[in-house]
Amino acid sequence: MTKGIPVGLLVLLVGCATEREEAPTSRIDLRASMHVTDAGPVGAAVGPDGTRFMFDEDRGLYRIEGDQLISIMTLAQLPTPDKQLQFPITDIVSLAPNLFAMTAIGDGFLLDTAANTLTQHFCYFPAGDGGGGTPVSISQRTDAIAYDAVAQKIYAQPLTYDAAYEFQYAQVARYNRATGVDEAWFDAPPSTLATGSAFVPDVGLVLGQGSELSRFDLDTREMIVLDDLSRFGVRSIDGLAIDPVTNSLIVADKVSDSVFDIDLARISL
């Protein structure tokens, strides 16, 4: 006679699996709200007044109103930059009303949607790497940018590749908000390949990778796992922002083509 799993144990196992799943505060289906078959969200941002934004790597900047996305500026409508911009744009953060910092290959830019300007503001080459006009055969990219509004600092998580585009090392960089000057560089574990980040008051720099949230300790250079958002349906953290008005975490996910709103009180930070 074939022995199966006892019914009581089966119910327990199923019950435990169900308990691990939680509904987010809200979830926007980007394919439905943008009327597309495949969305490409790579950044989420929340303005000082609580206005929410999402950046799509193929379609540009959107404002989120309820469950609808309103196009603000397509890629073709971006202002002519003062320095050549190497696409793709990989992340975005709100610095002030109508002012965003965005990352592209090698550089960070400021987009002023009111003045219609796009200016290079910071770069990913730390001191000694290609300085003084010395050419180097490397490329750098970051998919995660964050802003500490209290200290007026911008954080990015650059990854460095050689001429064959082989990964070399991971770092975290801190920039002066006003000048764009790099103030500090921190070596990060080689496995640190963040695709979203946010600066959380009383917590610090939080990086998203896959469905996991981790805190990057600037003193020890360690990644400390905080939580896994997969229980809310998040599959890939491709944009991350804090909404201080609603005390929510905003997550853009291009694997599930969704934007999630999750109460911070339900997350381990």
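Is Asp227 buried or exposed? In this predicted model, Asp227 is buried, with a relative accessible area of 11%, and the views below begin with the salt bridges around this residue before turning to other parts of the structure.

**View 1. Asp227 and Arg231 in a network of salt bridges.** The side chains of Arg231 and Asp227 meet in a salt bridge, with a distance of 2.7 Å from N to O. Both residues also belong to a network of salt bridges that links them with Glu22 and Arg266. Asp227 counts as buried because its relative accessible area of 11% falls under the 20% limit. A search of the whole structure finds 15 salt bridges, and two others are described in the next view.

**View 2. Salt bridges of Glu57 with Lys254 and of Arg31 with Asp29.** Glu57 and Lys254 form a salt bridge through their side chains, at 3.6 Å from N to O. Glu57 lies in the loop between strand S3 (52-56) and strand S4 (60-65), while Lys254 lies in the loop between strand S21 (248-253) and strand S22 (258-263), so this pair ties together parts that are 197 residues apart in sequence. Glu57 is partly exposed, at 24% relative accessibility, and Lys254 is also partly exposed, at 32%. In the other pair, the closest N and O atoms of Arg31 and Asp29 are 3.9 Å apart; Arg31 has a relative accessible area of 37% and is partly exposed, and Asp29, at 38%, counts as partly exposed too.

**View 3. Asp91, a buried residue without a salt bridge.** Asp91 lies in strand S6, which covers residues 91-96. Although Asp91 is buried, it has no salt bridge, and the nearest side chain of opposite charge, that of Arg141, is 10 Å away. The side chain of Asp91 does, however, reach the backbone nitrogen of Ile145 at 2.9 Å. Beyond its neighbours up to four places away in sequence, Asp91 touches a set of residues including Val42, Gly43, Met102, Thr103, Asp143, Ile145 and Ser197.

**View 4. Strand S14 and its antiparallel partners S12, S13 and S15.** Strand S12 (residues 153-156) is joined by 4 bridges to strand S14 (residues 167-176), and the two run antiparallel; here Lys153 stands opposite Asn176 in S14. Strand S13 (residues 159-161) pairs with S14 in the antiparallel sense over 3 bridges, with Phe167 in S14 as the bridge partner of Tyr161. The hairpin of S13 and S14 has 5 residues between the strands, and in this hairpin Tyr165 takes a positive phi near 60°. S14 is also joined to strand S15 (residues 182-188) by 6 bridges, again in an antiparallel arrangement, and Ala170 stands opposite Ala188 in S15. In the hairpin of S14 and S15, which has 5 residues between the strands, Gly180 takes a positive phi near 80°.

**View 5. The largest nonpolar core and a second, separate core.** The largest nonpolar core has 17 residues, and those with the most contacts inside it are Leu213, Leu229, Leu240, Leu249 and Val251. The elements giving two or more residues to this core are strand S16 (196-200), strand S20 (239-243), S21 and S22. Leu249 touches, among others farther than four places away in sequence, Leu213, Leu229, Leu240, Phe260 and Ile267. A second, separate core of 16 residues includes Phe53, Met73, Ile92 and Phe109.

How values were computed:
Residues are numbered from 1 along each chain as its sequence is written. This is a predicted model: local features need pLDDT of at least 70, side-chain atom pairs count only at pLDDT 80 or more; totals for chains, interfaces and linings use all residues. Side-chain values use heavy atoms; hydrogens and water are left out. Buried means under 20% relative accessible area, exposed over 50%, partly exposed in between (1.4 Å probe, protein chains only). Lys and Arg count as positive and Asp and Glu as negative; His and the chain ends are not counted. A salt bridge is a side-chain nitrogen of Lys or Arg within 4 Å of a carboxyl oxygen of Asp or Glu. A polar contact is a pair of N or O atoms within 3.5 Å; within protein, one must be able to donate a hydrogen and the other to accept it, and residues adjacent in sequence count only if both atoms are side-chain atoms. Contact means heavy atoms within 4.5 Å. Two strands pair if DSSP finds at least two bridges between them. A nonpolar core is a set of buried Ala, Val, Leu, Ile, Met, Phe, Trp, Tyr and Cys residues joined through side-chain atoms within 4.5 Å.
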